[in-house]
Amino acid sequence: MIPEIAAPPPATGHHDMTHEPDDGEAMKQRTLGQGLRTSALGLGCMGMSDFYGPGDDTESTDTIHRALDLGVTFLDTSDAYGPFTNERLVGAALRGRRDEVVLATKFGIERLPDGTRLGHNGRPDYVRKACDASLERLGVDHIDLYYQHRIDPGVPIEDTWGALKELVEAGKVRHLGISEAAPATVRRAHAVHPITAGQYEYSLFTRDIETELLPALRELGIGLVAYSPLGRGFLAGAFSGPGDLAAGDVRHTHPRWQGDNFAANHALAAKIGEIASGAGATPAQVALAWVLAQGDDVVPIPGTKRVSRLEENAAATEIELGSADVEALESLAAQVSGERYNAAQMSGVNR
């Protein structure tokens, strides 16, 4: 049983989301730490280039442009995605529209151009080189939010964040973030330079951060950026079996997508879909509405490479879940089967 956390309560009532968003609807805004204002919903760009099967740069570019038109102006990428190709894609899509965007990228998962993984790197010299390389690939003169993607256990966090602080002082970076770090590590990094946002997996299917991490972020005034808020697609109800995934899709390695776990989770997703239907929404919209209802300091960044999915996700910001639906959703989600990552992947988080 996951304990409840202190957060603004969900609103009551339903909102019928049978319509699609249009360009005349202003996207709501939220504030992360250090006063950074972003759209209430962001766009995760990873899947456009890596991990979730083949991509289409033209379609992905159209999706980014549509996001900006809808007011989804918080874009998330990393040098590890591709590797390197996702930053180039995002940078090219933003030409002429840079001023509309809060642009976030990351360093720390070191990869070679052929995709070979070299481990996690937090050495100060690497931090500086990684930032310069990201600026060049993105074609910008500053990064709005620069995250340490994973913690390097071989480098004191104070050393890594000392280098990050220098990047802020040099004007190359406006705000700093951290991802998948343990609460104690967050506190040590925050003591070197204030953290604007912590990026963690958070969804109806993944709520472990509520116990210690989220209270620590709130104590320190750090916003939460929720990645995989749709349970890596499970909560969107779009998959009937692992065979729906492309051969190279990383989800094949995740326990929740394997064997009996998949069957059990698929059944849960179907029940969540029934709740969504009763609320006049899609499963993805209800799952996102739940994340959005956890507090005004929480910004989910669902990933997609398709305009239709983007439009569906963006409409979730107008949904208000009733208390009965919230209770039903959380009861179902507590039954999720399997870990979010395999053992090797889990070893790199909560450091």
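A residue counts as buried here when its relative accessible area is under 20%. The structure is a predicted model, and every value below is computed from it.

## Helix α6 and its surroundings

Helix α6 spans residues 213-220. Its buried residues are Leu-213, Leu-214, Ala-216 and Leu-217. These four lie on the same side of α6 because they cover an arc of only 160 degrees around the axis. An α-helix has 3.6 residues a turn, so residues three or four places apart point the same way. The cover over the buried residues of α6 includes α5 (183-192), β10 and β11. After α6 comes Gly-221, with a positive phi near 75 degrees.

The helix also takes part in a supersecondary unit: β10, α6 and β11 make a right-handed β-α-β arrangement.

## The sheet

Eight strands form an open sheet with parallel pairing, in the order β3-β4-β5-β8-β9-β10-β11-β12. Because β3 (43-44) and β12 each have a single partner strand, they stand at the edges, and one side of each is left without a neighbour in the sheet.

Strand β11 (residues 223-227) pairs with two strands of this sheet. Five bridges join β11 to β10 (residues 197-201) in the parallel sense, and three parallel bridges join β11 to β12 (residues 298-300). Ala-226 appears in both pairings: Tyr-200 stands opposite Ala-226, and in β12 the bridge partner of Ala-226 is Pro-300.

How many of the residues of β11 are buried? Five of its five residues are. In a regular strand the side chains alternate between the two faces of the sheet. In β11, Gly-223, Val-225 and Tyr-227 lie on one side, Leu-224 and Ala-226 on the other, and both faces are covered.

Elsewhere in the sheet, β5 and β8 (residues 143-148) run parallel and are joined by four bridges. The bridge partner of Lys-106 in β8 is Tyr-147.

## Nonpolar cores

The largest nonpolar core has 84 residues, of which Leu-43, Tyr-146, Ile-178, Val-186 and Tyr-200 touch the most other members. Helix α8 (residues 283-292) gives the most to this core, with eight residues. A second, separate core has 14 residues, including Val-102, Ala-197, Val-225 and Ile-301. In soluble globular proteins, nonpolar side chains tend to be buried together.

Leaving out residues up to four places away in sequence, the contacts of Tyr-146 include Phe-107, Val-127, Leu-164, Leu-167, Val-173 and Leu-176. Lys-106 and His-175 are also among the residues that Tyr-146 touches.

Thr-196 lies in the loop between α5 and β10. With 1% relative accessibility, Thr-196 counts as buried. Not counting residues up to four places away in sequence, Thr-196 touches, among others, Leu-32, Gln-34, Leu-145, His-175, Ile-222 and Gly-223.

## Salt bridges

The structure holds 21 salt bridges. Three of them are listed here, with the distance between the closest N and O atoms or from N to O.

| Pair | Distance |
|---|---|
| Asp-76 and Lys-106 | 2.6 Å, N to O |
| Arg-340 and Glu-201 | 2.9 Å, closest N and O atoms |
| Arg-309 and Glu-312 | 3.1 Å, closest N and O atoms |

Asp-76 and Lys-106 meet through their side chains. Asp-76 lies in strand β4 (residues 74-76) and Lys-106 in strand β5 (residues 102-107), so their salt bridge ties together parts that are 30 residues apart in sequence. Both Asp-76 and Lys-106 are buried.

The salt bridge of Arg-340 with Glu-201 links distant parts of the chain, with Arg-340 in the loop between α10 (323-333) and α11 (343-346) and Glu-201 in strand β10, 139 residues apart. Are these two residues buried or exposed? Arg-340 is buried, at a relative accessible area of 7%, and Glu-201 is buried at 2% relative accessibility. Glu-201 and Arg-340 also belong to a network of salt bridges with Glu-180 and Arg-232.

Arg-309 and Glu-312 are separated by about one helical turn because they are three residues apart in helix α9 (residues 307-314). Arg-309 is partly exposed, with a relative accessible area of 28%, whereas Glu-312 is buried at 16%.

Definitions and conventions:
Residues are numbered from 1 along each chain as its sequence is written. This is a predicted model: local features need pLDDT of at least 70, side-chain atom pairs count only at pLDDT 80 or more; totals for chains, interfaces and linings use all residues. Side-chain values use heavy atoms; hydrogens and water are left out. Buried means under 20% relative accessible area, exposed over 50%, partly exposed in between (1.4 Å probe, protein chains only). Two strands pair if DSSP finds at least two bridges between them. A crossover is right-handed if, with the strands pointing away from the viewer, the path from the first strand over the helix to the second runs clockwise. The arc is that of the directions from the helix axis to the C-beta atoms. Contact means heavy atoms within 4.5 Å. A nonpolar core is a set of buried Ala, Val, Leu, Ile, Met, Phe, Trp, Tyr and Cys residues joined through side-chain atoms within 4.5 Å. A salt bridge is a side-chain nitrogen of Lys or Arg within 4 Å of a carboxyl oxygen of Asp or Glu.
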